[in-house]
Structure formats: structure tokens, C-alpha cells
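This report describes the fold, the packing and the chain contact of the structure shown below. The account begins inside one sheet and moves outward from there.

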Amino acid sequence: MAITADESSRFAALLDSHAARLVERWTEVTAASVRGRMTEAELRQQVQELHRALRAALAEGQFDLAADASGALRATLSEMSRSRAQQGFTATETAVSVFALKDALVDVLDVRSGDQRALADYVTASGVVDQLGLFTFERYARSREELLADQAEQLLELSTPVVKLWEGVVAIPLVGTLDSARAQVVMERLLQTLVDTGSPYAIIDITGVPAVDTQVAQHILKTVVAARLMGAECIVSGIRPQIAQTIVALGIEFGDIATKATLADALRHALRTIEQSRRGNGSAARGAREA
Amino acid sequence: MTGRPDLSTPQVVTINSDADVVRVRQLVRTAAVAVSLSLVDQTKLVTAASELARNTLVYGGGGGAEVGVVDSGRRKGIRIVFSDEGPGIANLELALTDGYTSGGGLGLGLGGARRLVDEFEVQTGTGQGTRVTITKWARSM
């Protein structure tokens, strides 16, 4: 709802003349909804900032939240929405901080007395506050979305640790959905760890993967091939009965890749193979000495 | 959003991104548990749904999946219909051949999905989009 320059200046004058009482009441109403999670002083400061920014925007003549003149006000509202979203406040608790101005205005204007002038002023102010409220709500939603996107990214990183199980054996326990993005992270992590630790064996444990379809299988196969190119042998473990039956029915072939039911079996297999090759080398060396 | 979906009427999921494939998979798993499919059958059905949902996304250019419970009177099952308005499959027999792919996959998705379920039906043709219906029955009530 557009308001005229005259209405804007009347609202600005109102904010000026009753500044102290408005801020007081505004803070009070807001505090009631966010009780205990923000101090009175913090709230008062936020309300004062909002009051100042709104006052400045109204002073520019015809009020328009989208105009350049309201830039500072938008920034203040955005900042508040973002900090509330990060602190875990609900959308309602955030919007109340803006809508509380209406409660404060009702008291200051004495709207209930039925004075026509006061009512007209209240309608104007109410329209402005609604705009601010909607803007705050939108910003809040956007902040939450950004927060979720960040968390998803963090999860991507978090959920793919490569652990050293034994001298020469590293393992990567996969949990959850293995989509292309995660598969890429997994492969990079694994290959880097193989270089860093100089391990000849890597165990890919899929106990935590709920379903192995052709895409997941393809990602695993590619990782194994990449590891082989670097001279490391991969063992796929954690193949539960239902996964085994599904893989067979799908027709996926793991070829000559070693697969085991449990991580323990895979580790035993790796250690035995390391032991055998060491003994093989040892006897060959002895044989050479004796000859 | 996080509540258990009501399966008395078929649930429709639109498939337009990888995240939607995950949603289809979760819905199918919930439905499979609801009609008491065995763990092996649950996994087979979820895997088949995953393959077909991805086909809908990758080859069909997006579409939808409809997940519902069917009851033959003797036993219950899950029926899922995947449909898209994509280019369709010109040679269905070839597409069902193991190892054949027109994309970059393993070429096992469509044929593999057929082996994972009890009933499998494809309606398609060049320029007609594709509609795949699969059903998995619970072994006993």
C-alpha cells in the first residue's frame, strides 16, 4: 500500500514526539515473546536501531521500502532477521519484533478513544509496519535457507572421514545416500589419504548405505579403479544379505574386487594379504642369500 | 512435512532433481514397511524405485512418481507409477538389454529394476513420454 508524502511526515513526527514511550513499549512487547533468550539491553538496542532507521526512511518524503532512501532500514531489518534465524528463533518470534510497533502505537495514539485523526495515523503506520513485517519474514526465510544449504555442505564434509585402521590399511565408512556430489568428495578424500599415508589397502565400508543401486555401484567401481591406478587395492565391505541379493538381481558385477560382509572380515583379509606378501618377499630374500 | 505420509490414497512426488529421487526412495521405503514387505523385498523395491526415478530424471527430463498400496484381497503390495513427458524409448527391447545405455550409466537400471519387482510394465514410444508401472507383493499377510 503506497502512502503519501504527507502521511509519511506525519508518521515521522509521531515517531519523534513519542520516541521514548514508543521504544519503551515496543521493547516490552518484543521481550514478552523472546523472553529469556535475549537480554533487555540487547532488545532495546535493536528496537532503537529500528526506530532510528524507520525515522530516517520516513524523513525522505514519500515512504517506499523498496526505494534507495530506505536502504539503511532494509539493512537493519535484514541484519535482525539473520541474527534471529541463526539464534534459532521462530519466524513468529522474529516478526513480532516488528509488529510490536503496532501495539506501541495503539497505546501512544490512544486509538481506542475514537479520535479520527489518530485512527487515520494508525492506519498509515499499520500499512508501513505490515510492509516491514513481510520484508522481515522474507529475509528470515532466506536466512534459514542459507543456513540449511550451509549445513548440507558441512554434512557432506563431515560424513566422509577416512580413517587409518592399521599400518597400511585405511577405511572409509559410507553413511547415507551416495549421490554424485558425495561420491566425488569420497573419492577425493580416499585418494588423498592413500597418498598421505602410503597405504596399499583401502576398505570402502557400505554398512550405512541403505540401498545400492546402479549409480551407487558405479561410483564405488570408479573409486576402486582410481585407487588401483594409484597402486592401492580396495576391499568393499558391509554387504548385508539384502544388499547382496539386490546387487545380484540388478546384475551388477564387482568383478575381481574383493568384497566382504563385515569391516572386520575386510581388515583380516587386508592384513593376511600384507602378511603373505611380506613372507613371500622374506623367503625370496633368504633364497637369494642361500644360493 | 516430517510426519508419516498417509498411504490410503496414492502419494505423488514430482521428480525434478537428485533430492527428489531421495524423496521417492524414502516414501517407497515407508510404504514398503507399512505393508510389511520383508527386509530383502523392501531393499529390492527401494532400489528399483531409485533406478526408475533416476531414469525419469535423467532420460525423461523430469516427471513424477505415484506411490500407492494395492490389495488383491489375498495380499497387499506397493504399486509405483513413474511417468514423464520425455522423448520416450524408441527400442524398448534394446533398452531392457543388460549393459546397454544411451547415457553414461552401467546399463542395468531398467532391466535390473524389472528383475527386482513382481510386475513390470512399460508404456512408451518415440515422442510419447514413458510410463513405467511396478508392483511388489508382500509374501503373506
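In this predicted model, A65(B) stands opposite F82(B), a residue of β3(B). A neighbouring register point in the same pair of strands is E66(B), which faces V81(B) in β3(B). Strand β2 (residues 63-71) of chain B and strand β3 (residues 76-84) of chain B run antiparallel and are joined by nine bridges. The two strands form a hairpin with four residues between them. Within that turn, G73(B) has a positive phi of about 95 degrees.

**The sheet of chain B**

Strand β3(B) also pairs with strand β5 (residues 130-137) of chain B, again in the antiparallel sense, through eight bridges. In this pairing I78(B) stands opposite K136(B) in β5(B). Taken as a whole, the sheet is open and has five strands in the order β1-β2-β3-β5-β4, with antiparallel pairing. The edges are formed by β1 (11-15) and β4 (119-124) of chain B; each has a single partner strand, so one side of each is left without a neighbour in the sheet. On average, neighbouring strands of this sheet are turned by 15 degrees against each other, direction ignored.

Two helices pack against these strands. Helix α1(B) lies across β1, β2 and β3 of chain B and runs at about 160 degrees to β1(B). Helix α2(B) touches β1, β2, β3 and β5 of chain B, and its direction makes about 10 degrees with that of β3(B). Along chain B, starting at the N terminus, the elements follow the pattern β-α-α-β-β-α-α-β-β.

**The sheet of chain A**

Chain A has an open sheet of five strands too, in the order β1-β2-β3-β4-β5, but its pairing is mixed. Here β1 (163-166) and β5 (258-259) of chain A stand at the edges, and each has a single partner strand, so one side of each lacks a neighbour in the sheet. Strand β4 (residues 233-237) of chain A pairs with β5(A) in the parallel sense over two bridges. In β5(A), A258(A) is the residue opposite I235(A). Helix α7 (residues 180-197) of chain A packs on the sheet, where it touches β1, β2 (169-175) and β3 (201-208) of chain A. The direction of α7(A) makes about 165 degrees with that of β2(A).

**The two chains in figures**

The table sets out the composition, burial and contacts of each chain. The last value is the share of contacts with a separation of 6 or more that is due to residues 24 or more positions apart.

| Chain | Helices and strands | Buried residues | Contacts 24 or more positions apart |
|---|---|---|---|
| Chain A | ten helices, five strands | 33% of 291 residues | 74% of contacts with a separation of 6 or more |
| Chain B | four helices, five strands | 39% of 141 residues | 62% of contacts with a separation of 6 or more |

**Nonpolar cores**

The largest nonpolar core has 67 residues. Those with the most contacts inside this core are A202(A), I203(A), V28(B) and L45(B). Helix α2(B) gives the most to this core, with seven residues.

Which residues surround I203(A), leaving aside its neighbours within four places in sequence? I203(A) is in contact with L165(A), V169(A), A171(A), I235(A), S237(A), L263(A), A266(A), L267(A) and A270(A). One of these, I235(A), is the residue that stands opposite A258(A). A second, separate core has 26 residues and includes A95(A), L101(A), Y122(A) and F135(A).

**The contact between the chains**

How many residues does each chain bring to the contact? Chain B provides 21 residues and chain A provides 18 residues. On the side of chain B that touches chain A, the elements giving two or more residues are α1 (18-34), α2 (39-58) and α4 (109-116) of chain B. Helix α2(B) gives the most to that side, with nine residues. The residues of this side of chain B divide into seven nonpolar, seven polar and seven charged.

Helix α2(B) thus recurs throughout this account. This helix packs on the sheet of chain B, gives the most to the largest nonpolar core, and gives the most to the side of chain B that touches chain A.

Technical notes. Residues are numbered from 1 along each chain as its sequence is written. Chains are lettered from A and ligands numbered from 1 in the order in which they are written. This is a predicted model: local features need pLDDT of at least 70, side-chain atom pairs count only at pLDDT 80 or more; totals for chains, interfaces and linings use all residues. Two residues are in contact if their C-beta atoms, placed from the backbone, lie within 7 Å. Ala, Val, Leu, Ile, Met, Phe, Trp, Tyr, Cys and Pro count as nonpolar, Asp, Glu, Lys and Arg as charged, and the others, Gly among them, as polar. Two strands pair if DSSP finds at least two bridges between them. Axes are lines fitted to C-alpha atoms, for helices over the stretch in contact, and angles run from 0 to 180 degrees between N-to-C directions. A residue is buried if 20 or more other C-beta atoms lie within 10 Å of its own, exposed if 12 or fewer, and partly exposed in between; C-beta atoms are placed from the backbone. A nonpolar core is a set of buried Ala, Val, Leu, Ile, Met, Phe, Trp, Tyr and Cys residues joined through C-beta atoms within 7 Å.
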